[in-house]
Amino acid sequence: MTTIKLALQKKGRLSEGSMDLIRRCGIKVQNGIGKLKAEASNFPIEFLFLRDDDIPGYVQDGIADIGIVGANVMVEKDSHVEVVHHLGFSKCRLSIAVPKDQEYNGIQDLDGKSIATSYPVLLKKYLDEQGVTADIHEISGSVEIAPSIGLADAVCDLVSTGSTLFQNGLKEVEQIYKSEAVMVATPDLAEDKQAVLNQLLFRIKALQEAES
Ligand code: PRT
Ligand code: ZN
């Protein structure tokens, strides 16, 4: 039987939800510490453990047939993959935040200002739609520190509880994108692999229905 390759985040905010979903589907997998590949013993699926940023590219290129990744990363990378299912975990939002004492009357206030983010594509799209021109300063982490060290006037980062913003003296002023984990597939998946994916999706949907 054909085996499909599923790309998962190795370690991070998607890994637990992803492995938990696989296990609840009744799929048995032994994932040795540090291993980058694993196989299931009772379902035709192989797992590749990667950094989340690399997952859309691997799936687009067909190195992996399917993947589980945050919708935010998939859209930011502008990857040509198909979203086959919304998985409902790792929910968060991409938001703009400004120093809490700063007066804020609307997105126009950010015109001509600088905004630090790890999501320049999603941010630019939103600003363009709003007719706002800002200087987008791309940084890869610790975004919330940027205003307090004078690097930017505002930030655009992922938020779940809001506590990181709060701890850094920031307030959320615009929600620009809502995200959750999604299952993506390579475009034009071969028919035999599509059949395996359908079996997997059938199990996932049954779980979701049982829980709703
Ligand atoms: O090493 P690798 O590159 O694989 O992982 P990573 O560090 O790039 O990503 P990771 O594991 O942090 O996040 C993976 C995905 O989880 C993201 O792309 C989102 O789809 C999703 N997700 C859900 C989140 C959050 N919630 C989240 N809260 N990703 C990041 N955060 C961060 C946020 O950047 C901020 O620093 O958590 C902080 C805010 O959290 P609160 O609860 O204080 O608001
Ligand atoms: Zn990452």
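How many helices and strands does the secondary structure of the protein chain come to? In this predicted model, the chain comprises 6 helices and 11 strands, and its C-alpha trace spans about 60 × 35 × 30 Å along the principal axes. Of the 212 residues in the protein chain, 46% are buried.

Strand S7, formed by residues 114-117, is covered on both of its faces. Ser114 and Ala116 are buried on one side of S7, while Ile115 and Thr117 are buried on the other. This division is in keeping with a general rule, namely that side chains in a regular strand alternate between the two faces of the sheet. Two pairings of S7 can be described, one with strand S8 (residues 135-138), which is parallel and runs over 4 bridges, and one with strand S9 (residues 154-159), which is likewise parallel and runs over 3 bridges. On the S8 side, Ile115 stands opposite Ile136, and Thr117 has Glu138 as its bridge partner. The connection from S7 to S8 passes through helix H4 (residues 120-130), and the resulting β-α-β crossover is right-handed. On the S9 side, the residue opposite Thr117 is Cys156, so that Thr117 is matched with a residue in S8 as well as with one in S9.

The zinc ion (ligand 2) has as its protein donors Asp52 and Asp53, each through OD, at 2.0 to 2.1 Å. What arrangement do the 4 donor atoms around the zinc ion (ligand 2) make? The angles subtended by these donor atoms range from 77 to 171°, and the arrangement is therefore irregular. For reference, the ideal angle at a metal with four tetrahedral donors is 109.5 degrees. The two aspartates are assigned to separate accessibility classes: Asp52 counts as buried because its relative accessibility is 17%, under the 20% limit for that class, whereas Asp53, at 30% relative accessibility, counts as partly exposed.

Asp52 also belongs to the lining of the largest pocket, in which about 1,100 Å³ of space lies. This pocket is lined by 36 residues, and those nearest its centre are Arg13, Asp52, Tyr119, Asp157 and Leu158. Helix H3 (71-76), strand S9 and helix H5 (163-167) each supply at least two residues of the lining. S9 thus contributes to the lining of the largest pocket and also pairs with S7.

Backbone conformation calls for comment at two aspartates. Most residues other than glycine have a negative phi. Asp78, which is not a glycine, nevertheless has a positive phi of about 50°, and this residue lies in the loop between H3 and strand S5 (82-86). With a relative accessibility of 55%, Asp78 counts as exposed. Asp188 likewise has a positive phi, near 55°, and is placed in the loop between strand S11 (181-185) and helix H6 (191-211). Is Asp188 buried or exposed? Its relative accessibility is 76%, and Asp188 therefore counts as exposed.

Note on methods. Residues numbered from 1 in each chain as written. Chains lettered and ligands numbered in written order. Predicted model: local features only at pLDDT ≥ 70, side-chain atom pairs only at ≥ 80, totals over all residues. Heavy atoms only, no water. Donors = N, O, S within 2.8 Å, 3.2 Å for Na, K, Ca; no water. Tetrahedral: all angles 85-135°; square planar, octahedral: opposite > 155°, others 65-115°. Buried < 20%, exposed > 50% of the residue type's maximum accessible area, 1.4 Å probe, protein only. Pairing = 2+ DSSP bridges. Right-handed = clockwise from strand over helix to strand, strands pointing away. 1 Å grid on protein atoms, 1.4 Å probe; cavity = no way out; pocket = protein on both sides within 12 Å on 5 of 7 lines; lining within 4 Å. Points joined across faces, edges and corners; volume = space filled by probe spheres on them.
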